[in-house]
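Student: I'm new to this one and would like a close look at a single part of it. Could you take me through the salt bridges?

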Amino acid sequence: MSKPTILIVDDSPTVRQQVGIALAQAGYQVAEAEDGIEGLNAIRQNERIALVILDVNMPEMNGLEMLEELDRSGRKGEPPVLMLTTEGQPSLVKRAKTAGARGWIVKPFKADQLVATVEKLTAVATPA
């Protein structure tokens, strides 16, 4: 059985590529979006997304706005969201957790740490 699909929402093509390679090497399917609007559309169009890796700073709709929109639409925590960002201010972390984020990793990230966190979150999200 293949591992689930992970949606990477980041405006940086380089970050999407780095995260995508790390996840693909660990056996995950990968989908990508450039901003929060594309991310919301991807979630609405693909029920197989098991986890979202979400940046904070993006044009159009930032990651916190996307997360809060998921919360407002009744999808708080579904799919689970892992924030991956250069930001680390406690107020932003608190805002994200209030809106349903399950974790927060500050860039630059270590691929093994990211994959381990994804493994943990998808194991919780996907019943055995």
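Tutor: Here is a walk through the salt bridges, starting with how far the model can be trusted.

This is a predicted model, in which local features need pLDDT of at least 70 and side-chain atom pairs count only at pLDDT 80 or more, while totals for chains, interfaces and linings use all residues. Residues are numbered from 1 along each chain as its sequence is written, and side-chain values use heavy atoms, with hydrogens and water left out.

The pLDDT is the predictor's confidence in each residue, from 0 to 100. Across the protein it averages 90, and 94% of the residues score at least 70. Helices (H or I, at least four residues) and strands (E, at least two) are DSSP runs, numbered from the N terminus. Confidence is highest in strand β1 (residues 5-9), at a mean of 97, and lowest in helix α5 (residues 111-125), at 88. As a reading habit, where pLDDT is low, the predicted coordinates should not be read in detail.

Now to the bridges themselves. A salt bridge here is a side-chain nitrogen of Lys or Arg within 4 Å of a carboxyl oxygen of Asp or Glu. By that rule there are eight salt bridges.

Let's begin with Lys107 and Asp10, whose closest N and O atoms are 2.7 Å apart. This pair links distant parts of the chain: Lys107 sits in the loop between β5 (101-106) and α5, Asp10 in the loop between β1 and α1 (13-25), and they are 97 residues apart. To describe how covered a residue is, we use relative accessible area: buried is under 20%, exposed over 50%, and partly exposed in between (1.4 Å probe, protein chains only). Lys107 is buried at 16%, and Asp10 is buried too, at 3%. There's a third partner to look for here, since Asp10, Asp55 and Lys107 are linked in a network of salt bridges.

Next, find Arg95 and Glu68, which meet in a salt bridge at 2.6 Å, N to O. Arg95 lies in helix α4 (residues 90-98) and Glu68 in helix α3 (residues 63-72), so this pair ties together parts that are 27 residues apart in sequence. Arg95 is partly exposed, at 36%, and Glu68 counts as partly exposed as well, at 21%.

Last, look at Glu34 and Arg16, with closest N and O atoms 4.0 Å apart. Glu34 is in the loop between β2 (29-33) and α2 (36-45), while Arg16 is in helix α1, 18 residues apart. Glu34 is partly exposed at 43%, whereas Arg16 is buried at 8%.
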